[in-house]
Amino acid sequence: MFESVEPAPPDPILGLTEAFKEDPSPGKINLGTGIYADDTGKTPTLECIKAAEKVVSETATSGGGYLPMTGLAEYNRDVVALLFGEESEIPASGRALAAKTPGGTGGLRVAADFIARIKPGARIWMSDPTWANHNGIFTAAGLELATYPYYNHETKALNFDEMVATLKEVPAGDVVLFHACCHNPSGMDPNAEQWNQLADLAAERGFLPLFDFAYQGFGTGIEEDAFGLRAFAEKGMELLVASSFSKNFGLYNQRTGAMTVVTRTAEAATVAMSHVKLAIRVNYSNPPAHGARLVAAVLADSDLRRVWEQDVATMRNRINGVRQQFVETMATKTDKADFSFVATQCGMFSFSGLNKEQVLELREKHSIYIVGSGRISIAGITSANLDPLCSAIAAVL
Ligand SMILES: Cc1ncc(COP(=O)(O)O)c(C=O)c1O
């Protein structure tokens, strides 16, 4: 059975990390995966999580049987409050219900399976380009894929007019995936006015928005980064959100995310959740508990919440500072290309504009690992590797 099976291609992003690990070069640099690292190149445990670990170890036990299919109720309420804001009418209304999922990826897959249950063969529109795993997740759930223009590689800007022109043609009942903030891979988001325009368009056309929210707090701020999805929700529309605490709580390996359904009424939300539960039941039955307990412990304590907000600000400020330093250092190394656009983007990623050949040369000659599209993970840049990195990029231009 297995002897004749051809090997599967390596994952374009995680496969790169495997190759990086095997590279013996002492000066190797990994700008492939979207994992936050501090200026020493380490992925820290956040201060709020260190404190929450103590709280959880004193209050929770690992015994006690399974969690419900949707996970810890307290955590799910926290998710809804973070998405829509404490002041919004949505958390109290009952028209938004969350289910804890294993990471944002789990949230996306549950959303996809839920959509496939209620509308078999549904079509989902994704930005061109988008996070590589979106294609695989939605295909695996049996959805039909389509794309809308998003990023202009020439101008290094949002292709907003073409995006709107395509979305105007999307039929009612199709699903449109938006990155709520810190678009991966381009680092370019719609501004407030554009989000409002997109929300009006969704209301007018009747398509279902699905938000992928993996970087809350990494763009402008925890509240500010939710602007886009709140613009839609405030119109009373139905929407889905797959969110993740991998980055903003540093809980990468605790697989801590959620899928939230927003409907027009509390009754409709309960019915929708009955289908979400079945999608979960046949997938992983019920989610792991520890990451959710940590997040709930942080958000239940006003002091710990302030520590978290500071932790997120520290990560955001470092990334924005590195963007600036990268632009300034590149300017001293070469005049063949202008990298000033990198400082105008936000979040963990940037399209560097490097082509496939340059990416390959960086890897083979300089042990610098970047995904083939030229997307770089800004958080992989440190004071120690900034200068050699910029010299190497200048050398391959
Ligand atoms: C756009 C986007 N969505 C979802 C995810 C998945 O997050 P998680 O690691 O929580 O599954 C990522 C992670 O890199 C991402 O970049």
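How many bridges join strand 2 to strand 10 (residues 257-262), and in which direction do the two strands run relative to each other? The legends below begin with this pairing in the predicted model.

**Figure 1. Pairing of strand 2 with strand 10.** Strand 2 and strand 10 (residues 257-262) are joined by six bridges, and the two strands run antiparallel. One of the residues to locate in this view is Ala96, whose bridge partner in strand 10 is Val262. Strand 2 covers residues 96-101, and five of its six residues are buried, so the strand is largely enclosed by the rest of the structure. As a general point for reading such a view, the side chains in a regular strand alternate between the two faces of the sheet.

**Figure 2. The surroundings of Ile280 in helix 10.** Helix 10 spans residues 266-281 and includes Ile280. The relative accessible area of Ile280 is 0%; because the cut-off for a buried residue is under 20%, Ile280 counts as buried. When neighbours within four places in sequence are left aside, the residues in contact with Ile280 are Met69, Ala99, Val110, Ser285 and Asn286. A further residue to find in this view is Gly106: 174 residues separate Gly106 from Ile280 in sequence, while the C-alpha atoms of the two residues are 9.3 Å apart in space.

**Figure 3. The two assigned domains.** According to the domain assignment of the protein, domain 1 consists of residues 14-44 + 313-396, and domain 2 consists of residues 66-300. The centres of the two domains, taken over C-alpha atoms, are separated by 28 Å. Domain 1 contributes 17 residues to the contact, and domain 2 contributes 22 residues.

**Figure 4. The interface of domain 1 and domain 2.** About 1,600 Å² of area is buried between the two domains, and carbon and sulfur atoms give 64% of this area. On the side of domain 1, Arg316, Cys346 and Phe351 together supply 37% of the area buried against domain 2, more than any other three residues. Seven residue pairs are in polar contact between domain 1 and domain 2, whereas zero salt bridges are found across the interface. Two elements, helix 12 (302-333) and strand 11 (349-351), each give two or more residues to the side of domain 1 that touches domain 2. Of these elements, helix 12 gives the most, with four residues.

Definitions and conventions. Residues numbered from 1 in each chain as written. Predicted model: local features only at pLDDT ≥ 70, side-chain atom pairs only at ≥ 80, totals over all residues. Heavy atoms only, no water. Buried < 20%, exposed > 50% of the residue type's maximum accessible area, 1.4 Å probe, protein only. Pairing = 2+ DSSP bridges. Domains from an automatic or database assignment. Contact = heavy atoms within 4.5 Å. Buried area = accessible area lost by both parts, 1.4 Å probe. Salt bridge = Lys/Arg side-chain N within 4 Å of Asp/Glu carboxyl O. Polar contact = N/O pair within 3.5 Å; in protein donor to acceptor, adjacent residues only side chain to side chain.
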